[in-house]
Structure formats: C-alpha cells, structure tokens
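Student: I should like to learn how to read the features of a model such as this one. May we take them one at a time?

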Amino acid sequence: MPKPDPQPAPDGRPCGGKGKALFLDRDGTLIRDKGFLSDPAGVELIPGAASALQHAARLGYLIFLVTNQSGVGRGYFSLDDVAAVSGRMLDLMGLPPTVFAGTCVAVETPDQPSLYRKPSPRFVLEMIAKHSLDPHRCYMVGDKASDVLTAVRAGIRPVFVASGRPELEAARRAAGDDLAVFPSIREFAATLA
Ligand SMILES: [Mg+2]
C-alpha cells in the first residue's frame, strides 16, 4: 500500500523534516535606509516588502529580523526608538508583530565587542538549532556585505537585494558565485517555493 504524502506540520515543516526560514535585514531591505532612522514618521516601506513577507509566511517559512542598530551604541537613539520604528513598519505593512519568529537587534558600534552584530552568524546559528532549521533551506536577505557574510558564516544561502545602499562588489567578494542578486525582496520572494 503506498504511503500517504507527508502532511505539513502546523509550523510548515514536513513531518520528520527540518524547517525553513528567512533572516531579513531591515534598513534597505524592508524599509528605506535613511541612515540612523529613529523617528517612526520617517518609515517608508520598500515596495513589495509586505506581500513578500506574507507570501513567505504562507509557504511555511519562519521569518526573523536581524538588524544592526549602532545608533543606539553611539547614543543617537534608544532601543525603544528602534522598536517604535519596527512597529511603524509592521503597521504600514498591515502585519502583526508575530510575523517575526524572532528579532535580533545588535546595538553595538563597529568598534565595540559584540556577539551579535552582523556579520556575526551567532543569532542565525542559534535559531537554526532552536527551531531545527535546515540551513540549505534558510536565506539571509540584505543589502550590505555584512548581511552576505553573515549568511556565509552561518552556512545558509546569501541573497543580495539592490534596494538599499547596495554594496554589490563587496557582497560578491564575500559570497563568490553563491550570491543570488535581486532588485528587491519582492523579486526574491517570488522565487520561493
Ligand atoms: Mg541594510
């Protein structure tokens, strides 16, 4: 008697399989990178970002936000300001905070010791372990070389989007031929299955 096709688990994982996930940069990937943005009124969505998140969630991807916010470490603004900007982003998207399975905000400046500031892979590796994710089905999406390097160091798939302040040459140096390049997260999400 043929075995029935495996049914997806409620979190999108096939039975007995490992999960898939997107790790998303914020500034330049989901919202316009205005440089040290701390005022929620300044939040401007990258076109297609909201539908990209909805599409990925429907396909069963866990979605994580991974953002460097050295403006906090520099004393320009507070962690509450960062949360307010992210909250405004979700309001504009019409999505609940629960769209993110986890958020990593690294507040240190580039010259301060940090366990989590990109290109550290630590948060990605912790989430892979915690949620039993399959690294081959996980993507880090961002507009900076540090996003690409985070993916390379974590052993997941780097995706470069040109919607921010793109550092394409540095990103290519970080990932070589493995780098997937898209105009924005909208075009990348359309390729997900
Ligand atoms: Mg960015």
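Student: Which residues of helix α1 are buried?

Tutor: The model is a predicted one. In α1, which spans residues 49–58, the buried residues are Ala49, Ala50, Ala52, Leu53 and Ala56. Viewed down the axis of α1, these buried residues fall within an arc of 160 degrees, so they line one face of the helix.

Student: Against which elements do the buried residues of α1 pack?

Tutor: They pack against the strands β1 (19–24) and β2, and against the helices α3 (79–93) and α7 (185–189). After α1 comes Gly60, with a positive phi near 95 degrees.

Student: How should the strands be read, and what is their order in the sheet?

Tutor: Strands of a sheet pair through backbone hydrogen bonds, in either a parallel or an antiparallel manner. Here six strands form an open sheet with parallel pairing, in the order β3-β2-β1-β4-β5-β6. The edges are β3 (102–106) and β6 (180–182); each has a single partner strand, so one side of each is left without a neighbour in the sheet. From one strand to the next, the twist averages 20 degrees.

Student: How many bridges join β2 to β3?

Tutor: Five bridges join β2 (residues 62–68) to β3, and the two run parallel. Asn68 stands opposite Ala106 in β3.

Student: Which residues of the largest nonpolar core touch the most other members?

Tutor: In soluble globular proteins, nonpolar side chains tend to be buried together. The largest nonpolar core here has 49 residues, of which Ala21, Phe23, Val141 and Ile185 touch the most other members. Leaving aside residues up to four places away in sequence, Ala21 touches several residues, including Tyr61, Ile63, Met127 and Cys138.

Technical notes: Residues are numbered from 1 along each chain as its sequence is written. This is a predicted model: local features need pLDDT of at least 70, side-chain atom pairs count only at pLDDT 80 or more; totals for chains, interfaces and linings use all residues. A nonpolar core is a set of buried Ala, Val, Leu, Ile, Met, Phe, Trp, Tyr and Cys residues joined through C-beta atoms within 7 Å. A residue is buried if 20 or more other C-beta atoms lie within 10 Å of its own, exposed if 12 or fewer, and partly exposed in between; C-beta atoms are placed from the backbone. Two residues are in contact if their C-beta atoms, placed from the backbone, lie within 7 Å. Two strands pair if DSSP finds at least two bridges between them. Helices (H or I, at least four residues) and strands (E, at least two) are DSSP runs, numbered from the N terminus. Axes are lines fitted to C-alpha atoms, for helices over the stretch in contact, and angles run from 0 to 180 degrees between N-to-C directions. The arc is that of the directions from the helix axis to the C-beta atoms.
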